Amino acid sequence: MAPTRQSSQDSESQSTGLTLFMIQIIALCLAIPHFIIAAGSVLIGLALVSAAPVVSANTIAPIWSGGIYFVTGLFGLFATKRKTSYTMCCFAGFSVVALMGGAISMQLLRLGIVDNTMDGRVFMKEEIDTTTVVGIILAGIECILSGLSTALGFLLANSLRQWSGLEEPAEPTKEQLMAERQEEIRKQKQQEKRLLQKARLARSYQKV
């Protein structure tokens with residue numbers, strides 16, 4: 001029976017480690033592209049700002065949105081390192097912010113290629129800036145990536161919450177240690193009282 005229990009515990013720990021490893025790899029694959037898109041978005045924003053005669057909302061949008069993508073990637077790396085449901089939920093939650101930032105950046109960048117709108121019709125500029133188009137594409141990719149990060153992040157957080165029961169218990173607090181110590185003292189005093197009562201009974205029998 002003992003070898004069977006030990007082998008079952010070993011297999012359970014191995015499966016847990018494999019599952020946690022897979023979760024870590026998936027989270028890492030979701031976090032790294034945020035850094036790549038953030039770098040490209042910031043570079044495009046700097047190129048647009050340097051080429052534009054006046055800094056406007058559509059030229060500076062890739063810069064601040066790239067900052068949001070970068071912070072999202074940091075949350076992903078932190079969740080990969082800690083491997084807790086709380087950190088994974090933070091990564092998934094901030095991915096929603098990145099999704100909103102990417103959508104707003106796309107709308108602002110679209111102003112750079114639109115010449116005029118009339119009666120619901122949109123008239124594009126004759127010469128469309130390639131840099132702006134690339135910025136729109138990057139913002140769209142970031143929206144898709146943020147959506148995947150949100151969905152998979154919450155699924156990974158649920159998996160980590162299920163595996164958290166197999167982790168080592170947390171260290172007891174000072175209050176718990178003091179309560180345990182008081183309980184030990186109380187039990188020790190009760191045992192001493194019983195011993196004294198037995199000693200008194202033994203003495204009374206000896207006198208008789």
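A residue counts as partly exposed when its relative accessible area lies between the limit for buried, under 20%, and the limit for exposed, over 50%. By that rule F94, with a relative accessible area of 22%, is partly exposed. The structure described here is a predicted model, and the values below are computed from its atoms.

**Overall layout**

The protein chain contains five helices and two strands, and from the N terminus on its elements follow the order α-α-α-β-β-α-α. Of the 208 residues in the protein chain, 25% are buried. The accessible surface of the protein chain amounts to about 14,300 Å², and carbon and sulfur atoms account for 63% of that surface. When contacts between residues at least 6 apart in sequence are considered, 74% of them join residues at least 24 apart.

**Aromatic pairs between helices**

How many aromatic pairs does a search of the whole structure find? The search finds two aromatic pairs, and the table sets out their geometry.

| Pair | Type | Centre to centre | Angle between planes |
|---|---|---|---|
| F35 and F70 | edge-to-face | 5.2 Å | 80° |
| F75 and F94 | stacked | 5.0 Å | 25° |

F35 lies in helix α1 (residues 2-51) and F70 in helix α2 (residues 57-82), so their pair ties together parts of the chain that are 35 residues apart in sequence. The pair of F75 and F94 likewise links distant parts of the chain, with F75 in helix α2 and F94 in helix α3 (residues 85-110), 19 residues apart. F70 is partly exposed at a relative accessible area of 41%, and F75 counts as partly exposed at 28% relative accessibility. F94, as noted at the start, is also partly exposed, with 22%.

**Helix α3**

The 26 residues of α3 should span 38 Å at 1.5 Å a residue, and the C-alpha atoms at the ends of α3 are 38 Å apart, which agrees with that expectation. Several residues of α3 are buried, including T87, M88, F91, A92, S95 and A98; further along the helix, G101, G102, S105 and L109 are buried as well. An α-helix has 3.6 residues a turn, so residues three or four places apart point the same way.

**Helix α4 and its surroundings**

Which residues make the nonpolar surface patch of about 450 Å²? The patch is made by I26, I144, L148, L152 and L155, and helix α4 (residues 130-163) gives the most to it, with four residues. I26 lies in helix α1, and this residue is partly exposed, with a relative accessible area of 35%. L152, which is found in helix α4, counts as partly exposed at 33% relative accessibility. The C-alpha atoms of L152 and L30 are 8.8 Å apart in space, although the two residues are 122 residues apart in sequence.

Is T132, another residue of helix α4, buried or exposed? T132 has a relative accessible area of 5%, which means that it is buried, since the limit for that class is under 20%. Leaving aside neighbours within four places in sequence, T132 is in contact with L48, L109 and I113; of these partners, L109 belongs to the buried residues of α3. T132 and G112 are 20 residues apart in sequence, while their C-alpha atoms are 6.8 Å apart in space.

Key:
Residues are numbered from 1 along each chain as its sequence is written. This is a predicted model: local features need pLDDT of at least 70, side-chain atom pairs count only at pLDDT 80 or more; totals for chains, interfaces and linings use all residues. Side-chain values use heavy atoms; hydrogens and water are left out. Rings of Phe, Tyr and Trp (its six-membered ring) pair if their centres lie within 6.5 Å; planes under 30 degrees apart count as stacked, over 60 as edge-to-face and the rest as tilted. Buried means under 20% relative accessible area, exposed over 50%, partly exposed in between (1.4 Å probe, protein chains only). Patches are made of residues with over 30% relative accessible area and no salt bridge: like charges are joined within 9 Å, nonpolar side chains (Val, Leu, Ile, Met, Phe, Trp, Tyr) within 5 Å. Accessible areas come from the Shrake-Rupley method with a 1.4 Å probe; for residues, only the protein chains shown count as cover. A salt bridge is a side-chain nitrogen of Lys or Arg within 4 Å of a carboxyl oxygen of Asp or Glu. The expected span of a helix is 1.5 Å times one less than its number of residues. Contact means heavy atoms within 4.5 Å.
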